[in-house]
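User: I'm new to this one and would like to know how the labels are earned. Can you walk me through the reasoning?

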Amino acid sequence: MQVYGLIGNPVEHSLSPPLHEAGYEALGIDARYVTFEPGIDDAAAAVRGATTLGVAGLNVTVPFKRDVLDAVDPDPLAERIGAVNTVDFGPVRAGDADQPRGYNTDAAGVRRAFEHHDVALDGTDAVVVGAGGAGRAAAFALADAGASVHVANRTTERAVDLAGDVPNAAGGGLDDLATRVADANVLVNATTVGMEEDATPVPTEALHANLAVLDAVYTPIETRLLADAAAAGATTVDGAWMLLFQGVEAFERWTGRDAPVEAMNRALRDHL
Ligand code: NAP
């Protein structure tokens, strides 16, 4: 039996175990997915311990995504984003490498969520609100897919810093967000606004029918932003799609097989 898992702190409400185990079951893979909660300073020790114990793969969540970078060999995208959310121990077990490989599948989560909804990104004008972990992943995903990206963040300096790392991107504060969104085709909310509260980071009047909106927030599943966007005639993509596809991408890297997306999506939505 293979063991996969998640390190984070806290992890008790994670949706990743049912998501991945539905995938193993659908494909008849003999594996389990378990959660681990190391101490705040113990990310690298946890990765070394997992290597010793023969764990096949780990997802990484808050607050460890940056710390894990030092304990893995990151692929170029994870290195550019500056965060790892998926560790593959396969190369170490095969004797091909001293360190496990690190990936960032949050970016693929954004790209594949849009693809699944037939939203083309190449040549679009995209706005990312937020410049934390999700914002970084979204900005790189959109730029790499050919969008021109504007990052808007409450703390302007963080947006400007992020935009400096991303090709074809600019950054600013929230003052001109309505104008930016009015002129855009793609919008990602990567702030925590709307999580467990009836609030939106985007002025409602800026939303329009020529816009595709992904909200990274998935509790609640229909945020105020998505409800406003739907009312304006925009295409809406809820945060569970991003969560699903970051997991799908990790599953495919670990197993080398196409993930059973439908089964994994059903399991995820059953547990939301
Ligand atoms: P983070 O690193 O802590 O970043 C939080 C972001 O929200 C920052 O840009 C922060 O701005 C902004 N923010 C917080 N409160 C705000 C407010 N009142 N007004 C405006 N901006 C505000 O968090 P994260 O890890 O990027 O996560 C962001 C959201 O994405 C969370 O809801 C998380 O659950 C979700 N997420 C979803 C997925 C998925 O797969 N669906 C994956 C990752 C994250 P400042 O820089 O000014 O503080």
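User: How many residue pairs are in polar contact across the interface of domain 1 and domain 2?

Analyst: Keep in mind that this is a predicted model. Across that interface, six residue pairs make polar contact, with both partners at pLDDT 80 or more. On the domain 1 side, α3 (76–81) and α10 (239–255) are the elements that give two or more residues to the face touching domain 2. The largest share, seven residues, comes from α10.

User: What makes E249 and R112 a salt bridge?

Analyst: The cut-off is 4 Å between a side-chain nitrogen of Lys or Arg and a carboxyl oxygen of Asp or Glu. The side chains of E249 and R112 meet at 2.7 Å, N to O, so the pair fits the rule. Across the interface of domain 1 and domain 2, the rule finds three salt bridges.

User: How do you know which residues of the two domains are in contact?

Analyst: Contact calls for heavy atoms within 4.5 Å. By that test, 14 residues of domain 1 touch 17 residues of domain 2. The domain 1 side has seven nonpolar, two polar and five charged residues.

User: Why give an area for the interface as well?

Analyst: Because the size of an interface is often stated as the accessible area lost when the parts come together. Here about 1400 Å² is buried between domain 1 and domain 2, and carbon and sulfur atoms give 63% of that. In domain 1, R80, M242 and F245 lose the most area to domain 2, together 48% of what that side buries.

Key. Residues numbered from 1 in each chain as written. Predicted model: local features only at pLDDT ≥ 70, side-chain atom pairs only at ≥ 80, totals over all residues. Heavy atoms only, no water. Buried area = accessible area lost by both parts, 1.4 Å probe. Polar contact = N/O pair within 3.5 Å; in protein donor to acceptor, adjacent residues only side chain to side chain. Helix = DSSP H or I, 4+ residues; strand = E, 2+ residues; numbered from the N terminus. Nonpolar A, V, L, I, M, F, W, Y, C, P; charged D, E, K, R; others polar.
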